[in-house]
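Q: I am new to this structure and would like to learn how to read its features one at a time. Could we begin with the words that are needed, and then turn to the cases?

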Amino acid sequence: MPKPGELTFVAPRGAKPPRHLADLSPAERKEAVAELGEQPFRAKQLSNHYFGRMSNDPASWTDIPAVSREKLTGSLLPELMSVVRHVSCDDDATRKTLWKLFDGTLVESVLMRYPDRVTMCISSQAGCGMNCPFCATGQAGLTRNLSTAEIVEQIAAGMRALKSGEIPGGEARLSNVVFMGMGEPLANYNRVLSAIRRLTDPAPDGFGLSQRGITVSTVGLVPAMHRFADEGLSCRLALSLHAPDDELRDELVPVNTRWKVAEVLDAAWNYAEKSGRRISIEYALIKDINDQAWRADLLGRLIKNRRVHVNLIPLNPTPGSKWTASRPEDEREFVRRLQSHGVPTTVRDTRGQEIDGACGQLAAAG
Ligand code: SAH
């Protein structure tokens with residue numbers, strides 16, 4: 001905490017996050033290094049430490065002479081974010097981190113450790129402009145897009161914590177990344193795409209994670225979904241549908257007034273075809289709002305015989321929300337009806353609920 005009268009640095013509104021190695025493609029890294037008057041091969045050395053060894057301690061990068069190292073790290077490895085706090089639950093298998101960015105903006109990420117995998121849920125924007133009424137992030141509106149490196153650093157920090165054994169359960173590797181934290185990833189398209197490259201390019205260009213382990217979740221920005229399909233990736237696409245009919249979806253996912261259910265599903269099938277991956281349909285079950293048996297049947301008819309999987313999420317009520325999760329018997333009936341149409345359906349576990357770290361709860365209250 002600053003003492004009274006002490007000056008703290010406040011970035012001017014609209015200032016850009018400082019440039020970081022993780023913002024740059026391998027070719028751009030070489031150029032940046034050369035611009036600093038250093039040998040281009042130093043770019044590979046930096047990548048090797050940051051991506052290959054997951055090290056963020058330049059003092060240990062002794063294959064680079066101290067003078068060069070200082071110049072390079074000073075210019076390409078600024079500290080982008082600091083931990084405000086970690087909060088854990090589920091016997092420490094779930095950990096939410098609140099981050100403060102260079103301009104004081106707050107964002108959250110969540111790390112979830114399961115017996116067979118580790119998943120990180122990360123933010124792509126500070127806040128969100130999509131305004132879905134049941135989502136905590138949506139209530140506050142959009143503050144700004146995150147830079148590529150601000151997205152990548154959330155994951156890098158998680159990977160380092162897993163590698164160092166800081167997360168209970170022994171050393172582990174990150175297997176899955178879901179863009180289901182704060183923000184609409186396809187509304188920050190270029191930076192999210194570069195972040196995916198940094199995560200999945202083979203080491204030392206990137207972290208070498210599998211594209212198949214990465215899920216991008218969208219409200220259904222149709223042109224961006226088509227563009228994403230043309231990238232040639234094998235990431236998973238999750239579509240936040242939440243209602244099978246336009247009347248209700250217009251209310252629950254306001255961007256539906258622009259791109260309707262039929263159009264958004266077509267864009268999803270196009271992605272499935274081009275990527276070879278099943279679409280994941282996200283559907284938050286809200287008591288007496290979207291959980292009626294007839295809506296399950298309508299959804300079943302719309303998506304049966306497609307490359308699809310439905311993920312039902314019991315609504316996590318946000319503070320002051322008039323809505324709540326469905327009754328258990330209505331949830332069961334919803335699952336049964338979808339399955340009777342042959343649609344693979346699961347109910348999402350609600351990890352992190354007690355620490356406001358579950359779906360739609362990320363709100364980054366300081
Ligand atoms: N903007 C993207 C990704 C962020 S939200 C999207 O909307 O897909 C990730 C998922 O959590 C989305 O399916 C979202 O609709 C859902 N979600 C949001 N608030 C929720 C809540 N209160 N309870 C359950 N799921 C919620």
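A: Let us start with contact, which means that heavy atoms lie within 4.5 Å. Please keep in mind throughout that this is a predicted model.

Q: With that cut-off in hand, which residues does R295 touch, not counting residues up to four places away in sequence?
A: R295, which lies in helix 10, touches P244, D245, L248, Y283, I289, N290 and F334 when residues up to four places away in sequence are not counted. At 9% relative accessibility, R295 counts as buried, since buried means under 20% relative accessible area.

Q: Is S124 buried or exposed, and which residues does S124 touch?
A: S124 lies in the loop between strand 4 (118-121) and strand 5, and with 2% relative accessibility S124 counts as buried. Leaving out residues up to four places away in sequence, S124 touches N145, L146, I151, F179, M182, G183, E184, P185, N188 and V192.

Q: How should I read the buried residues of a helix?
A: The general idea is that an α-helix has 3.6 residues a turn, so residues three or four places apart point the same way. In helix 1, which covers residues 26-35, the buried residues are R29, A32 and V33. Seen down the axis of helix 1, these buried residues fall within an arc of 100°, so they line one face of the helix. They pack against helix 2 (41-52), helix 3 (66-76) and helix 6 (189-200).

Q: Which residues of helix 7 are buried, and what covers them?
A: Helix 7, residues 222-229, has V222, A224, M225, F228 and A229 as its buried residues. Around the axis they cover an arc of only 160°, which puts them on the same side of helix 7. What covers these buried residues includes helix 6, strand 8, strand 9 (236-240) and helix 9 (261-275).

Q: What should I look for in the backbone angles?
A: As a general guide, most residues other than glycine have a negative phi, and most peptide bonds are trans. N131 has a positive phi of about 65° although it is not a glycine; N131 lies in the loop between strand 5 (125-127) and helix 4 (136-140), and is partly exposed, with a relative accessible area of 47%. D288, also not a glycine, has a positive phi of about 60°, and is found in the loop between strand 10 and helix 10 (293-303), where D288 is partly exposed with a relative accessible area of 45%. A glycine can be read alongside them: just after helix 1, G37 takes a positive phi of about 80°.

Q: Where is the peptide bond that is cis?
A: The peptide bond from A203 to P204 is cis, with omega near 5°, and P204 is found in the loop between helix 6 and strand 8.

Q: How do I compare separation along the chain with separation in space?
A: One reads the two numbers side by side, here for pairs of C-alpha atoms. V255 and V219 are 36 residues apart in sequence and 7.3 Å apart in space, C-alpha to C-alpha. V255 is found in the loop between helix 8 (246-252) and helix 9, is buried with a relative accessible area of 15%, and, leaving aside its neighbours within four places in sequence, is in contact with V219 and L221. In another pair, the C-alpha atoms of L106 and G127 are separated by 8.9 Å, while the two residues are 21 residues apart along the chain. L106 is found in strand 3, residues 106-113, and counts as partly exposed at 21% relative accessibility.

Q: How many residues surround the ligand, and which are the closest?
A: The ligand is surrounded by 19 residues, of which the closest are F134, S217, S240, H242 and N316. By class, this shell has nine nonpolar, eight polar and two charged residues.

Q: Which atoms of S217, T218 and N316 lie opposite ligand atoms?
A: In the side chain of S217, an N or O atom is 2.6 Å from an oxygen atom of the ligand. A polar backbone atom of T218 is 3.4 Å from an oxygen atom of the ligand, and a backbone N or O atom of N316 lies 2.8 Å from a nitrogen atom of the ligand. The protein covers 97% of the 530 Å² of accessible area that the ligand has on its own. The elements that give two or more residues to the shell around the ligand are strand 8 (214-218) and strand 10 (279-285).

Terms used
Residues numbered from 1 in each chain as written. Predicted model: local features only at pLDDT ≥ 70, side-chain atom pairs only at ≥ 80, totals over all residues. Heavy atoms only, no water. Near = heavy atom within 4 Å. Polar contact = N/O pair within 3.5 Å; in protein donor to acceptor, adjacent residues only side chain to side chain. Areas by Shrake-Rupley, 256 points an atom, 1.4 Å probe, with all protein chains shown as cover. Helix = DSSP H or I, 4+ residues; strand = E, 2+ residues; numbered from the N terminus. Nonpolar A, V, L, I, M, F, W, Y, C, P; charged D, E, K, R; others polar. Buried < 20%, exposed > 50% of the residue type's maximum accessible area, 1.4 Å probe, protein only. Arc of directions from axis to C-beta.
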